[in-house]
Amino acid sequence: MDLREIRAFSEGDDTRRIDPAATARTGTPHVRSFHEDRDDTTLLIADFRPAMLWGTGASLRSVRAARLLARHGWQAAARGASVAGLAITASGIAALPARTGARQLSAIAQMLAHEHDKALEWQGDASSPTFSLAAALVRAARLAPPGAQVWLATDAEGIASEDEAALRRLSRRRRVTLLCPLDPVEISPPPRALPVASGAASRFARLRAFDLEPLTARMRALNVTLQVVSDDTG
């Protein structure tokens, strides 16, 4: 086999491909990649932090996100791709390195269901600190080798300004798509003002439809494809 490149080790790589010289020179594990290798890895990232755990339609946004990721995962598995999974909650990260086959997709589905249950049971409140998306994206770079397809499902405001550097690094040599499931109330808010209460304070406020243009521009600058999911079927 002809050597194509020597690259940094990703979780799930065959340890028999580790290059001793490059590993010793850099101080971090590196593997050999060959022209005959088929680079077809898909990484599914589910954001189960509190901002995703609500919905006014038939499903929570987090549930719709998981369904979308599962669909892309099964499509990848059907063509023989390796699939990895990562879930981020308010309290931490869970991940499964890339493997092939239906058993791997079942394991990822079980992991997502378990992490979603944990997220729903989290006892923090709106002011409690949560795990950062940036940390999850750093882990994602180790799970997804160069050339991989990354599907990131989060809400429209799930990517903070401090997450952008990690997202830019992730998308530099990978195809990253942001799946953004909008809630029906974000698409067609009620025409009348609604009561809003916080503790003893209350007021009436009118909701506005979500403006996609700023998010679209941000993702374009980060080399990330944006897919907005506006139906409630997930």
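Q: What makes a set of grid points a pocket here?
A: On a 1 Å grid over the protein atoms alone, a pocket is an open set with protein on both sides within 12 Å along at least five of seven lines. Lining residues have an atom within 4 Å of a point. The model is predicted: local features need pLDDT of at least 70, side-chain atom pairs count only at pLDDT 80 or more, and totals for chains, interfaces and linings use all residues. Residues are numbered from 1 along each chain as its sequence is written, and side-chain values use heavy atoms, with hydrogens and water left out.

Q: Which residues lie nearest the centre of the second largest pocket?
A: W54, R61, E157, E186 and F210 do, out of 14 lining residues. The lining has eight nonpolar, no polar and six charged residues. Asp, Glu, Lys and Arg count as charged.

Q: Why is α4 called roughly parallel to α5?
A: The axes of α4 (residues 133-143) and α5 (residues 164-171) cross at roughly 15°. Angles under 35 degrees count as roughly parallel, so the label fits. These axes come within 8 Å.

Q: What makes the contact of α4 with α5?
A: A134, L137, V138, A140 and A141 of α4 and A166, L167, R169 and L170 of α5 make it. Contact means heavy atoms within 4.5 Å. By class, eight are nonpolar, none polar and one charged.

Q: Why is α2 called roughly antiparallel to α3?
A: Helix α2 (residues 61-78) and helix α3 (residues 102-121) pack at about 170°. Angles over 145 degrees count as roughly antiparallel, so the label holds. Their axes are 10 Å apart.

Key
1 Å grid on protein atoms, 1.4 Å probe; cavity = no way out; pocket = protein on both sides within 12 Å on 5 of 7 lines; lining within 4 Å. Axes fitted to C-alpha atoms, helices over the stretch in contact; angles between N-to-C directions. Helix = DSSP H or I, 4+ residues; strand = E, 2+ residues; numbered from the N terminus.
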